[in-house]
Amino acid sequence: MIRVEVTDGDEVTAGQLLAVIEAMKMENPLRAPHPGRVTGLHVAVGDTVAQDALLGHVTPPGAGEPG
């Protein structure tokens with residue numbers, strides 16, 4: 001992991017840059033798939049991450065609230 005642009009609890013917009021991973025000397029941006037709140041983020045700059053590893057969640061607004 002070469003950059004982490006958010007912290008746990010941050011509100012993000014769709015397409016917002018969350019982090020950048022380097023693989024084979026190429027930078028790969030990770031962007032929010034939809035608006036929401038970052039939860040369960042457990043990576044830091046310098047961490048090595050495995051393919052398909054869960055790095056955190058972007059929880060959509062209203063998710064988990066009584067409806």
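**Figure 1. Contacts and burial in the predicted model of the protein chain**. Among contacts in the protein chain with a separation of 6 or more, 40% join residues 24 or more positions apart. The model is predicted. The protein chain comprises 67 residues, of which 21% count as buried.

**Figure 2. Order of the secondary-structure elements in the protein chain**. The protein chain contains 6 strands and 0 helices. Read from the N terminus, its elements follow the order β-β-β-β-β-β. Taken along the principal axes, the box filled by the C-alpha atoms is roughly 45 × 20 × 20 Å.

**Figure 3. Antiparallel pairing of strands β3 and β4**. Strand β3 spans residues 17-23 and strand β4 spans residues 26-31. The two strands pair in the antiparallel sense over 6 bridges. Within this pairing, A19 is placed opposite L30 of β4.

**Figure 4. The turn of the β3-β4 hairpin**. Strands β3 and β4 form a hairpin, with 2 residues lying between them. In the turn, M24 adopts a positive phi of about 50°. The turn thus links residues 17-23 of β3 with residues 26-31 of β4.

**Figure 5. Surface and charged side chains of the protein chain**. The exposed area of the protein chain is about 4700 Å², and 55% of this area is supplied by carbon and sulfur atoms. The side chains include 4 that are positive and 9 that are negative. The centres of these two sets are 7 Å apart.

Key
Residues numbered from 1 in each chain as written. Predicted model: local features only at pLDDT ≥ 70, side-chain atom pairs only at ≥ 80, totals over all residues. Heavy atoms only, no water. Pairing = 2+ DSSP bridges. Helix = DSSP H or I, 4+ residues; strand = E, 2+ residues; numbered from the N terminus. Buried < 20%, exposed > 50% of the residue type's maximum accessible area, 1.4 Å probe, protein only. Contact = heavy atoms within 4.5 Å. Areas by Shrake-Rupley, 256 points an atom, 1.4 Å probe, with all protein chains shown as cover. Lys, Arg positive; Asp, Glu negative; His and termini not counted. Charge placed at Lys NZ, Arg CZ, Asp CG, Glu CD.
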